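This report describes one parallel sheet, the helices beside it and one serine. The sequence and structure are shown first.

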Amino acid sequence: VLDCEVVIFPYSMFGGSVKDKRIVDAVKEKPFDYMIIDEIHYARKDCGRDTKTVLELATGIPGLYERGYIVGLTGNSTPNRPDDIVPQLRLWDRDEFGSIGSVRAAVRRAGPIAMRNAVSDYVLLVDEPEDWEKYVTTEFVDLYRDERRIYDAIRDDENLTLMAKLRGLYLCAMNPRLFAPTADMPSAFFDKVTEKIDEALASHGKVVVAENIFKQGLLRDLSTSLGGPLVEKIKKHVGGRAEVCIIDGNTPKREREEIFRRSLEPDRKMVIVAMGDIIRVGIDLSHISRCICLNPCWNKPDLAQLVKRFAREGNEDAQVSLIVPSDTVLEGIGEHAEEKEQENRIFKHGGALTEDDLALLERGDFSQQVVVTRGRVYIGTIIRNATLTDRQKLHRMFDYMAGLGTEGMKAFVEQYGEEFARLYVKVWERGYGGNNGRFVAGLWKMLEE
């Protein structure tokens with residue numbers, strides 16, 4: 001096979017072997033003069049297998065790097081943060097960027113001008129096709145009082161690990177019945193979703209309901225592969241007005257294809273409940289026109305891919321409704337994705353990122369560092385901040401203040417004084433020391449001024 005002029009193989013074969021010989025080693029023995037890496041953003045993790053293997057092929061195929069051509073294709077070279085592009089920089093200039101592990105390090109070594117020129121010379125950017133205001137509407141939902149009590153109880157539980165708390169808050173905001181003492185507890189989120197389903201069925205006869213993060217507990221039952229609470233509630237609400245189908249990783253390919261075939265029938269009414277990652281790529285759903293997105297994506301490009309399934313050329317009627325419960329971790333995920341996208345857009349289009357911008361993006365999604373972002377104070381990132389109570393935030397600030405020194409304390413007051421005072425009063429008002437809290441908060445405000 002490797003003697004053919006064109007050889008195509010997927011990322012999944014990178015770890016494969018034939019007759020005790022690695023496929024990658026066999027490929028490296030052939031003098032190919034052209035290598036095209038599709039979806040190169042998959043090779044963005046610094047120590048990931050795909051990243052290492054792409055670099056191994058690029059530098060191991062005889063003469064390829066010196067005399068051949070290497071092309072990387074992607075819809076977004078930095079889907080998560082600017083550092084995603086570092087492995088690609090190593091391909092473009094291994095002498096300059098071969099030992100670089102982050103954009104911040106590349107700027108320090110090569111200088112901001114050289115870094116900007118590298119991105120401008122080696123990255124071809126096309127205009128983003130999304131018209132967000134035209135195709136996407138975000139609708140916020142206030143949790144009902146009983147829902148909010150359960151949500152706050154989960155957020156206040158300091159015995160939960162971060163990931164367990166995130167999952168609990170996420171599922172509670174979307175399906176509070178999982179945590180409620182009674183199965184018939186009202187849900188503001190579900191009421192809004194069914195309202196949008198009714199509108200879509202009345203106007204277009206078909207709608208896709210897309211879930212972007214969790215399947216178990218929503219699309220599927222927590223302990224089985226049967227339809228989950230959300231799907232069952234939608235079926236009960238819709239009744240005989242429309243067919244309700246599930247498309248996710250448990251849905252066989254033939255069944256998937258059959259669902260899409262039936263959706264093309266003009267008189268058939270359908271509600272397709274799908275995992276976003278299953279329908280985001282390679283599928284044309286423009287004949288459906290309506291999508292209800294149950295939550296923000298971790299990264300804005302993922303949502304853009306979903307929008308493209310519906311907003312195709314000639315389909316000016318497409319509409320994606322993004323449903324977000326207010327003051328929840330879901331709102332934090334959306335804000336965090338928007339924050340990262342703004343930084344990425346500046347980076348890719350030749351703008352200058354400050355040292356603070358780069359430091360912010362290097363923290364990771366769940367850091368506990370105290371920061372100010374566009375005039376607001378956060379602990380870690382917006383997502384991490386959404387999992388903390390006011391008391392926990394105040395304690396993080398106390399920890400941060402330890403050992404700052406005179407100059408450090410002055411800078412802390414200038415940046416965080418107002419938020420510190422607000423939290424101090426809010427936490428102390430819950431006990432007998434309210435006056436103490438107000439006194440300290442007033443002192444902080446005086447120091448700021």
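## A sheet and one serine

Strand 7, helix 13 and strand 8 form a right-handed β-α-β unit. Right-handed means that, with the strands pointing away from the viewer, the path from the first strand over the helix to the second runs clockwise. Helices (H or I, at least four residues) and strands (E, at least two) are DSSP runs, numbered from the N terminus. The model is predicted: local features need pLDDT of at least 70, side-chain atom pairs count only at pLDDT 80 or more, and totals for chains, interfaces and linings use all residues. Residues are numbered from 1 along each chain as its sequence is written, and side-chain values use heavy atoms, with hydrogens and water left out.

The unit belongs to the following sheet. Its 6 strands make an open sheet in the order 5-10-9-6-8-7, with parallel pairing. At the edges are strand 5 (136-141) and strand 7 (243-247), each pairing on one side only. On average, neighbouring strands of this sheet are turned by 20° against each other, direction ignored. Helix 12 (residues 229-238) packs on the sheet, where helix 12 touches strand 7 and strand 8 (270-275), and its direction makes about 165° with that of strand 7. Axes are lines fitted to C-alpha atoms, for helices over the stretch in contact, and angles run from 0 to 180 degrees between N-to-C directions.

Two strands pair if DSSP finds at least two bridges between them. Three of the parallel pairs are listed below.

| Strands | Bridges | A bridge pair |
|---|---|---|
| Strand 5 and strand 10 (residues 319-325) | 6 bridges | E139 and I323 |
| Strand 6 (residues 206-211) and strand 8 | 6 bridges | K206 and M270 |
| Strand 7 and strand 8 | 5 bridges | I246 and V273 |

Strand 8 is mostly covered, with 6 of its 6 residues buried; buried means under 20% relative accessible area, exposed over 50%, and partly exposed in between (1.4 Å probe, protein chains only). In a regular strand the side chains alternate between the two faces of the sheet. M270, I272 and A274 point one way from strand 8, while V271, V273 and M275 point the other way.

S263 lies in helix 13 (residues 253-263). S263 is buried, at a relative accessible area of 2%. Its side chain reaches the backbone oxygen of F260 at 2.6 Å. Beyond its neighbours within four places in sequence, S263 is in contact (heavy atoms within 4.5 Å) with K206, M270, I272, H287 and I288.

Conventions: Polar contact = N/O pair within 3.5 Å; in protein donor to acceptor, adjacent residues only side chain to side chain.
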